[in-house]
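Here is a short tour of one structure. Keep the sequence and the 3D view open as you read.

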Amino acid sequence: MSSQAKDSTAVPSLLQRLWPWLIELWIAYVLVTFFVVRIIGSGMVQRFLTLVRLRLAR
Amino acid sequence: MRFLLPVIANLLLLVAAFGLGSLIRPLIPHNVSKLDRLAIIPLAGFGLQGVLLFLLGIIRFSPTVILAVLLPAAVLGANCLLQEMRGTAISSGLAGAPIVPASVIALVLVVTVLGGFAEPIGDIKSDAIAYHYLGPKVWLREGVIRPVLEETHTAFPATVEVQYAALMMIGGQCAPELFSVTALVLILLLAAAAARRAGLDPVEAWWVAALISTMPAVYRGLFGGMIDVIYAAFLILAARIAFDSELPRHYVLVGLFCGFAMGTKYTGLIATPLLIVCVFLFTPNSSRRFSWITAKYLATICFVAAFISSPWYLRNWLTLGCPIYPPPPLLATFFHVKYFSAEAIQSLNKEMLKVGLGMGKGPLSLLLLPFHLAFHPANFENGAGGIGLVPLTFIPFCFRAYRWERFAKALGLFAILMTIAWFYTAQESRYLIPVYVIAAIFGVAGWKYVVRAAPRFGPALSALTVAISILYGLFMIVSARADNIHAAVSTSFAESQKQESIPFLQSFRYLNSEPSVRKVLVLDPLVPTYYLDKEYLKPIGRRGEQSLPGVDSPQEALPDRSKWNITHVMDVRLKDSGFQLSEHPDNLVLIFEAKDQRIYRVVPSP
């Protein structure tokens, strides 16, 4: 009985251990996506990068 | 005086709103907080003030009538404020405020106050110039509230706009812009109160307010004549009270706020039934089975809401032929409306559909909506800047934040239903402001959980998320208002802004200053007549409205100019088109000419 009970709690405890990592991964994903889409992808930064590229090409 | 009059006008309107709002105090549930009362009373007052001014204004809308409403209400309001503030020390409340969110809110308030002193400018594409401020200006000039026939949008329910008229009358053209400060303070107060009711502590409620104040998509709905934040406030208060209602009088108050929402924006007609569904499922009295007592309460909400908003819809039905004007496609088949041809209605509806398409209406778009709102907000009309990252990042965890009690569940369901309705009707960002406010509350609840559940990096990552949201939002808001602030403090910059942004400014200045000008015939539909201080006639509106039945083009109005007492004609040339009149029109003398603009004096025909 006791080993059966141990088995049944194995999965939740694994999830419990992973849960904080999942939360942190999710937040990191949102932050990185925001940075890529809204900052690097923004018109202002794109114009700036084009300017830098043109300068370097000269 | 330039700054003083708008401030006095707004203070008078606010105190008067407290006065009229004090009349509904017996309806407020006893268990609501002081913070709730400070939001409920003035907002109920603004609703009642709007209805009262409208009802009197359709008969007579003169300065005397406006002051006869505002002054006694202000006396009542001062008394109400004294009673409500008794035993409440504002200084001690602010002393305990967390420094970061309080500073953020203070900064947004300063930006809003300074920007509020700028005179409204822009062309006819600006909603404020096209109708939010045009209606009030015409109503004041004509001494009666009526739809401006060449601009269909002035027939919208206008609970807020009639108060813009009162502000204009007392404080001049800048005063309605300064109303954005009142709107901002009220939405933050009620959001903080709702956050406290949803189980957050005072510091977290401050963070909710700070996040909302830095959401550019919310901020867009409170300046430049926009009424969306006040509409959202009516709706959220209706929900706030509804989910705690126990007695019939509480449901009367819910109905009042639903009615104010319906009297502010047509979208209130969709939101109210959705709220009723949530009330049915979650009121303390509801056993989730249909009972007569539940039916009675729901009927009370419907009846009061319909009664309080009916003046706008009945006026439209009687004078324009349809309660909702301009009519949506379904109603257009049943009602024959005046002053707007079937083709023009069809083209307007097509345009609305196009604008409201957002990022698609398929199931995948619905699934991806939280991502789209966070990462691509500019793809939704008026959504540039978005709502920050807090809702997307933390709402998935708010479900584990605390034991979900009935109020939070009901508020969550209401937000979900409103989002779905918005998604399938018109995906214009401003229309979703009530949901953004609720999302901030749940976002902070999720943040609280994340800090607890992921103690290693969770607090730092969360802090970074919140910081980015606030800083990005502040950047967007400050850059959106930078010109307004500059114009408010520098008259030379204000003048250069006017020269740049007001089309045909020289003509307007000539017509407004010339005493012989009594009534102007404006030929081009795209001339922003908001800037014209004299009486005018515009036969064709920017969306094809026909203010003179039987007149299909501006030139057709010319032969009848003496019938309409026209003294002057304004003709302009827009890009890709010529003047409407020939070089030497009959019985018209050219008296003013500037680049792309001509003004003629009417010579009586022999």
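## A buried leucine in helix 9

L190(B) counts as buried, because its relative accessibility is 3% and the cut-off for buried is under 20%. The model is a predicted one. L190(B) belongs to helix 9 of chain B, which covers residues 175-197.

What does L190(B) contact, leaving aside its neighbours within four places in sequence? The list is A39(B), L43(B), A233(B), I236(B) and L237(B). Y131(B) is 59 residues from L190(B) along the chain. Their C-alpha atoms are separated by 28 Å.

## Two nonpolar cores

In soluble globular proteins, nonpolar side chains tend to be buried together. Here the largest nonpolar core has 201 residues. Which residues have the most contacts inside it? They are F243(B), F257(B) and F414(B). Helix 21 of chain B, residues 433-453, gives the most to this core, with 14 residues. Another core lies apart from it and has 13 residues. Among them are L523(B), L537(B), V569(B) and L588(B).

Now look at F414(B). Leaving aside neighbours within four places in sequence, F414(B) is in contact with F243(B). Its other partners are L235(B), A239(B), A271(B), L274(B), L275(B), C278(B) and I438(B).

## Two helices that pack

Find helix 10 (residues 202-213) and helix 22 (residues 458-489) of chain B. Their axes are 9 Å apart, and they pack at an angle of about 40°. Therefore helix 10 of chain B is oblique to helix 22 of chain B.

Which residues make the contact? Helix 10 of chain B supplies W207(B), L211(B) and S213(B). Helix 22 of chain B supplies V466(B), I470(B) and I477(B).

## A bend, a glycine and a cis bond

Where does helix 15 of chain B bend? The bend is at S310(B), by about 55°. A proline, P311(B), follows within four residues. Just after helix 15 of chain B comes G321(B), with a positive phi of about 100°.

Next, go to P326(B). This residue sits in the loop between helix 15 (292-320) and helix 16 (329-332) of chain B. Most residues other than glycine have a negative phi, and most peptide bonds are trans. The bond from Y325(B) to P326(B) is cis, with omega near 0°.

## Two asparagines with positive phi

N565(B) is not a glycine, yet its phi is positive, near 60°. N565(B) is in the loop between strand 2 (535-537) and strand 3 (568-572) of chain B. Is N565(B) buried or exposed? N565(B) is exposed, because its relative accessible area is 57% and the cut-off for exposed is over 50%.

N587(B) also has a positive phi, about 55°, and is not a glycine. N587(B) lies in the loop between strand 3 and strand 4 (588-594) of chain B. N587(B) is partly exposed, with a relative accessible area of 29%.

V603(B) touches N587(B) and V589(B), not counting residues up to four places away in sequence. V603(B) lies in the segment after strand 5 (597-602) of chain B. With a relative accessible area of 28%, V603(B) is partly exposed. How many residues apart in sequence are V603(B) and L389(B)? They are 214 residues apart. In space, they are 64 Å apart, C-alpha to C-alpha.

## Two more partly exposed residues

P72(B) sits in helix 3 of chain B, residues 63-85. P72(B) is partly exposed, with a relative accessible area of 47%. G19(B) is 53 residues away along the chain, but the C-alpha atoms of P72(B) and G19(B) are separated by 8.1 Å.

L357(B) is in the loop between helix 17 (342-355) and helix 18 (363-375) of chain B. L357(B) has a relative accessible area of 44%, so L357(B) is partly exposed. D244(B) and L357(B) are 113 residues apart along the chain. Their C-alpha atoms are separated by 36 Å.

## Chain A

How many helices and strands are there in chain A? Chain A has two helices and zero strands. Of its 58 residues, 14% count as buried. Chain A exposes about 4,800 Å². Carbon and sulfur atoms supply 71% of that area.

Methods
Residues are numbered from 1 along each chain as its sequence is written. Chains are lettered from A and ligands numbered from 1 in the order in which they are written. This is a predicted model: local features need pLDDT of at least 70, side-chain atom pairs count only at pLDDT 80 or more; totals for chains, interfaces and linings use all residues. Side-chain values use heavy atoms; hydrogens and water are left out. Buried means under 20% relative accessible area, exposed over 50%, partly exposed in between (1.4 Å probe, protein chains only). Accessible areas come from the Shrake-Rupley method with a 1.4 Å probe; for residues, only the protein chains shown count as cover. A nonpolar core is a set of buried Ala, Val, Leu, Ile, Met, Phe, Trp, Tyr and Cys residues joined through side-chain atoms within 4.5 Å. Contact means heavy atoms within 4.5 Å. The bend at a residue is the angle between axes fitted to the seven residues ending there and the seven starting there. Axes are lines fitted to C-alpha atoms, for helices over the stretch in contact, and angles run from 0 to 180 degrees between N-to-C directions. Angles under 35 degrees count as roughly parallel, over 145 as roughly antiparallel, 65 to 115 as roughly perpendicular and the rest as oblique.
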